[in-house]
Amino acid sequence: MVENNELRKVGLKVTLPRVKILQMLDSTDQRHMSAEDVYKALMEAGEDVGLATVYRVLTQFEAAGLVTRHNFDGGHAVFELADSGHHDHMVCVDTGEVIEFMDAEIERRQKEIVLEHGFELVDHNLVLYVRTNKK
């Protein structure tokens, strides 16, 4: 469970909406949630947090490095807790499902390609857009 000191560590005041949203992101099985998803989950849990507050808090969390925002093509922004280390994503173009994956060979090749072109890799984000293979 996410502690209140996580908020303090990043310089955010501990408020009830922030705690509720952080706990929701930490406890859900759904790793990638839109602001609307967070809002609906809070409403279903009987929490009284407005949609505008959810948007504002998620933006604050992003600025503080608590969450990562992804803007996948064809969809709205989704957020995930920034605690899981580097990974890449596959996004199903039919369902919008987001699948996380990590492949050491892909990571190695990306670094090699960057070096071959005379650059230093600072950061990267790999997103594969996929659909179910209908054989």
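**Exercise 1. Find the residue that caps the N-terminal end of α5, and say which atoms meet.**

Start at D103, which caps the N-terminal end of α5. Next, look for a side-chain oxygen of D103: it sits 2.9 Å from the backbone nitrogen of E105. Keep in mind that this is a predicted model.

**Exercise 2. Check whether the span of α5 agrees with its number of residues.**

First, take the helix: α5 covers residues 104–116, which is 13 residues. Then use 1.5 Å a residue, so the expected span is 18 Å. Finally, compare that with the C-alpha atoms at the two ends; they're 18 Å apart, and that agrees.

**Exercise 3. Work out which residues of α5 are buried, and how they're arranged around the axis.**

Step one: pick out the buried residues, E107, Q110 and V114. Step two: look down the axis of α5; these buried residues fall within an arc of 60 degrees, so they line one face of the helix. A bit of background helps here: an α-helix has 3.6 residues a turn, so residues three or four places apart point the same way. Step three: find the packing partner, which is β3 (88–92). Step four: turn to the face away from the buried side, where you'll meet the exposed residues A104, L115 and E116.

**Exercise 4. Describe how domain 1 and domain 2 meet.**

Begin with the bounds: domain 1 is 1–83 and domain 2 is 86–134. Their C-alpha centres lie 24 Å apart. Now the contacts: six residues of domain 1 touch eight of domain 2. The area buried between the two domains is about 570 Å², with 61% from carbon and sulfur atoms. Last, H32, F72 and D73 supply 70% of the area that domain 1 buries against domain 2.

Methods: Residues are numbered from 1 along each chain as its sequence is written. This is a predicted model: local features need pLDDT of at least 70, side-chain atom pairs count only at pLDDT 80 or more; totals for chains, interfaces and linings use all residues. Side-chain values use heavy atoms; hydrogens and water are left out. Helices (H or I, at least four residues) and strands (E, at least two) are DSSP runs, numbered from the N terminus. The expected span of a helix is 1.5 Å times one less than its number of residues. Buried means under 20% relative accessible area, exposed over 50%, partly exposed in between (1.4 Å probe, protein chains only). The arc is that of the directions from the helix axis to the C-beta atoms. Contact means heavy atoms within 4.5 Å. A polar contact is a pair of N or O atoms within 3.5 Å; within protein, one must be able to donate a hydrogen and the other to accept it, and residues adjacent in sequence count only if both atoms are side-chain atoms. Domain bounds come from an automatic or database domain assignment. Buried area is the accessible area (1.4 Å probe) that two parts lose on being put together, summed over both.
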